[in-house]
Amino acid sequence: MALTIGHSVTKEFFHPARLIGQLIQVQKYAADKKGLDLATDIAIAEQIQIYSCEFRIKQIVSNLLSNAIKYTSKGTVSISVRISESNGHPALQVRVEVTGTGISKDQQKYIFRQYYRIRENSRATGFGLGLYISKLLAEQIDGKITVRSTPGRGSTFRCRSDWPKME
């Protein structure tokens, strides 16, 4: 049985810096409670607006941040956000980086699959749906999520979401 996410994507103008700032404030308590540093680099002026689906971007970034905090036992969770150009279109780039155990190459192949959980991290709760759902949501807004990781050093998750140029 395949999990499906609603296909109705409502795009509108919104302020990504404000949205990401709110999400960081929500997750800060969990990071503080675990003794983690939460480093932020939002390189977007607060008055800048983009045309995309705010709800889906909110869900994706929230999942990436909460997973980063959940699976990091000590050290730093970093989030950086910027606007760049991708394939001739403006794109929102979000990077969430964690220090920690990292993910082996073998497991990186499966991490965005439905119900997949990393075996070594048996203490963590969840159903293995967060990254899978985030991947589906990113695809619905013409985006993509990738991971780079080195065992023993940490992981970096990147989400890119393109939107059409407004002439």
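1. Start with the contacts of F157. In this predicted model, F157 touches L64, V94, R95, V96, I103, I111, F112, L131, T146 and V147, leaving out residues up to four places away in sequence. F157 lies in strand β7, residues 154-162. Is F157 buried or exposed? Its relative accessible area is 12%. The cut-off for buried is under 20%, so F157 counts as buried.

2. Look next at V147, one of the residues that F157 touches. V147 stands opposite F157 in β7. The two are 10 residues apart in sequence. In space, their C-alpha atoms are 4.5 Å apart.

3. Now take β7 as a whole. Seven of its nine residues are buried, so β7 is largely enclosed by the rest of the structure. Which strands pair with β7? One is β5, residues 89-99, which pairs with β7 in the antiparallel sense over nine bridges. Within that pairing, L92 has S161 of β7 as its bridge partner. Another is β6, residues 143-150, joined to β7 by eight bridges. β6 and β7 also run antiparallel.

4. Check the turn between β6 and β7. The two strands form a hairpin, with three residues between them. G152 sits in that turn and has a positive phi of about 85°. D142 also deserves a look: it comes just after helix α4 and takes a positive phi of about 55°.

5. Step back to the sheet. Five strands form an open sheet in the order β2-β4-β5-β7-β6, and the pairing is mixed. Why do β2 and β6 each have one side without a neighbour in the sheet? β2 (37-42) and β6 stand at the edges, each with a single partner strand, so one side of each is left free of a neighbour there. On average, neighbouring strands of this sheet are turned by 15° against each other, direction ignored.

6. Find the parallel pairing of β2 and β4. β4 covers residues 76-86, and six bridges link it to β2 in the parallel sense. I42 stands opposite V81 in β4. Helix α4, residues 130-140, packs on the sheet and touches β6 and β7. The direction of α4 makes about 140° with that of β6.

7. Stay with α4. Its buried residues include L131, Y132, S134, L136, L137, A138 and Q140. What covers them? The cover includes α2, β6 and β7. L131 is also among the contacts of F157, which ties α4 back to the first point.

8. Compare α4 with α2, residues 54-71. Their axes come within 9 Å and cross at roughly 150°. Angles over 145 degrees count as roughly antiparallel, so α2 and α4 are roughly antiparallel to each other. The crossing is left-handed. On the α2 side, R56, Q59, I60, N63, L64 and N67 take part. They meet G130, L131, S134, L137, A138 and Q140 in α4. L64 is another of the residues that F157 touches.

9. Turn to α1 and α2. α1 covers residues 16-34 and packs against α2 at an angle of about 15°. Their axes are 10 Å apart. Angles under 35 degrees count as roughly parallel, so α1 and α2 are roughly parallel to each other. Here the crossing is right-handed. From α1, the residues involved are L19, I20, L23, I24, Q27, A30, A31 and K34. They meet residues of α2 including E54, I57, V61, L65 and I69. Helix geometry helps to read such lists: an α-helix has 3.6 residues a turn, so residues three or four places apart point the same way.

10. Do not skip I50. It is in strand β3, residues 50-52. I50 is buried, with a relative accessible area of 1%. Which residues does I50 contact, apart from neighbours within four places in sequence? They are E12, F13, F14, P16, I57, I83, L92 and W163. I50 and L92 are 42 residues apart in sequence. Their C-alpha atoms are 8.4 Å apart in space.

11. Finish with the cysteines C53 and C159. C53 is buried at 2% relative accessibility. C159 is buried at 6%. How many disulfides does the whole structure hold? A search finds zero.

Methods
Residues numbered from 1 in each chain as written. Predicted model: local features only at pLDDT ≥ 70, side-chain atom pairs only at ≥ 80, totals over all residues. Heavy atoms only, no water. Helix = DSSP H or I, 4+ residues; strand = E, 2+ residues; numbered from the N terminus. Buried < 20%, exposed > 50% of the residue type's maximum accessible area, 1.4 Å probe, protein only. Contact = heavy atoms within 4.5 Å. Pairing = 2+ DSSP bridges. Axes fitted to C-alpha atoms, helices over the stretch in contact; angles between N-to-C directions. Disulfide = S-S within 2.5 Å. Parallel < 35°, antiparallel > 145°, perpendicular 65-115°, else oblique. Left-handed = near helix turned anticlockwise from the far one by under 90°.
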